[in-house]
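User: I am new to this structure and would like a close look at a single part of it, the surroundings of the bound ligands. Please take me through that part step by step.

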Amino acid sequence: MKAKAAVLFEVGQRLDIREVDVQAPRAGEVLIRMAAGGVCHSDLHAMTGHLVVALPAILGHEGAGVVADVGPGVTSVKPGDHVIPLWRLSCGVCEYCSDGRPALCNAGMQVRMTGRLPDGTTRFSLDGKEIKHFAGVSTFSEYSVVPEGAVLKIPPELPLDRAALLGCAVITGVGAVINCARVRPGSSVVVFGTGGVGLNAVQGARIAGAEKIVAVDLLDRKLEFAKKFGATHTVNAAQGDPVAQVRALTGGRGVDYAFEVIGLPKTIRQAYDCLAKRGMAVVVGVTPMTTEVAVPVMSLVFEERVLTGSIYGSSRPRIDIPKLIDLYRAGTLKLDELLTRTYPFKEINEAYAALERGEVARSVVTF
Ligand code: CND
Ligand code: ZN
């Protein structure tokens, strides 16, 4: 079948909407008719080359849609089901999957690095040449073939444009706070970068019962969003050293948890420098592959500080996404407020330009 899809042919280029060929799903695979695709900074990192991706590829890793067809042997979903594709495939049987760490699955990493499905082939092509699957899900396509292990059924009444956001921004941000850092009630938190993912770290901290939640960004517009998501204090890093300002807000002590949700060495170090003794800094932002960050070892030893990272919210999506849906239904998780703009698919490059200009909390393209 044919489908319109946003292809990245080379680093440095914008997305090119082309009519690609999509093969039928094979055994254990699911064909999804995409309804909405989320506009995440990680795709932009792929376009700029910060994130190394096998090309040409159909980008997009956040999305939601409806099952159009299933290959032989698929049992967990059927045509008509509403689903979220999970951008880190998990095999279910390896050491990491068995340990409740599906985001660290080697099979998922293999798909991510090669841009091919687990059998080593692709279901997309253009003029007979293979087009790669980004993160195994390629949500910027009208139709995408995804392994069953990366498809999660969701309730049909959930609006698909909001459901899409659960697949990356929400699970990554909330998960970093709840699964990775395990933020405790009454604690203090700083979040560097309050874009689509960072706002979810802010609301994750609110849901976890943090008492002080400081949002740091360069744009006042983003800080206003952050207040709606639960920030108790805001710091505009364009107006002076953010570390000094965060420390001042905690009476000089520093915070219990810091989240870096930008992907810059400078802000990773700033997040670390905001920590109190025994504090934990979690890097969520994606940097170029070879980036290194130095921290004073003395503070690791004498202050028992922790510096770590979180991929995919350190989550177990099949357990965590249904919980997030319950929190949305209860009015606790803000999804409607997160979706600040919707673009028709053909305007996808404009959606990325608006992300770069920092205009939106999160946007989606709809098909
Ligand atoms: P988005 O562009 O929406 O947000 C980034 C925010 O950072 C914006 O509000 C900027 O204004 C702000 N910012 C930029 N520079 C600074 C600075 N020096 N100081 C303070 N604030 C600044 O991006 P997003 O929320 O979609 O993604 C954020 C990062 O998270 C990005 O690197 C993305 O690739 C990464 C990510 C990681 C994971 C994961 O699993 N770890 C999953 N998805 C995305
Ligand atoms: Zn993402």
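Analyst:
**The shell around ligand 1**

Helix α1 supplies the largest share of the shell around ligand 1, namely 3 residues. This is a predicted model, and the values that follow are computed from it. Alongside α1, which spans 41-48, the helices α4 (160-181) and α5 (196-207) each supply at least two residues of that shell. Seen by domain, the shell takes at least three residues from domain 1 (2-153 + 337-366) and at least three from domain 2 (173-311).

In total 28 residues surround ligand 1, and those that come nearest are His41, Ser42, Asp217, Tyr312 and Arg362. By character, the residues of the shell divide into 14 nonpolar, 11 polar and 3 charged.

Several polar contacts can be picked out by atom type. The side chain of Lys222 places an N or O atom 3.1 Å from an oxygen atom of ligand 1, while in the case of Val286 a backbone N or O atom lies 3.0 Å from an oxygen atom of the ligand. At Ser310 a polar backbone atom is 2.9 Å from a nitrogen atom of ligand 1. Taken alone, ligand 1 would expose 870 Å², and the protein buries 91% of that area.

**The zinc ion**

Ligand 2 is a zinc ion, and its protein donors are Cys40 through SG, His61 through NE2 and Cys168 through SG, at distances of 2.1 to 2.3 Å. Counting 4 donor atoms, the site has angles of 83 to 138° among them and is classed as irregular. That class follows because four donors count as tetrahedral if all angles lie between 85 and 135 degrees. For comparison, the ideal angle for four tetrahedral donors is 109.5 degrees.

Along the sequence the donor residues of the zinc ion follow the spacing C-x20-H-x106-C. His61 sits in the loop between β4 (57-58) and β5 (63-70), whereas Cys168 belongs to helix α4, so this pair ties together parts that are 107 residues apart in sequence. Helix α4 is also one of the helices that supply at least two residues to the shell around ligand 1.

**Two backbone details**

Leu55 and Pro56 are joined by a cis peptide bond, with omega at about -5°, and Pro56 is found in the loop between α1 and β4. Glu304, a residue other than glycine, has a positive phi near 50°, and its place is in the loop between α9 (297-302) and β16 (306-309).

Definitions and conventions. Residues are numbered from 1 along each chain as its sequence is written. Chains are lettered from A and ligands numbered from 1 in the order in which they are written. This is a predicted model: local features need pLDDT of at least 70, side-chain atom pairs count only at pLDDT 80 or more; totals for chains, interfaces and linings use all residues. Side-chain values use heavy atoms; hydrogens and water are left out. A residue is near a molecule or strand if one of its heavy atoms lies within 4 Å of it. A polar contact is a pair of N or O atoms within 3.5 Å; within protein, one must be able to donate a hydrogen and the other to accept it, and residues adjacent in sequence count only if both atoms are side-chain atoms. Accessible areas come from the Shrake-Rupley method with a 1.4 Å probe; for residues, only the protein chains shown count as cover. Helices (H or I, at least four residues) and strands (E, at least two) are DSSP runs, numbered from the N terminus. Ala, Val, Leu, Ile, Met, Phe, Trp, Tyr, Cys and Pro count as nonpolar, Asp, Glu, Lys and Arg as charged, and the others, Gly among them, as polar. Domain bounds come from an automatic or database domain assignment. Donors are N, O and S atoms within 2.8 Å of the metal (3.2 Å for Na, K and Ca); water is not among the atoms, so sites may look incomplete. Four donors count as tetrahedral if all angles lie between 85 and 135 degrees; four count as square planar and six as octahedral if opposite donors are over 155 degrees apart and all others between 65 and 115; anything else is irregular.
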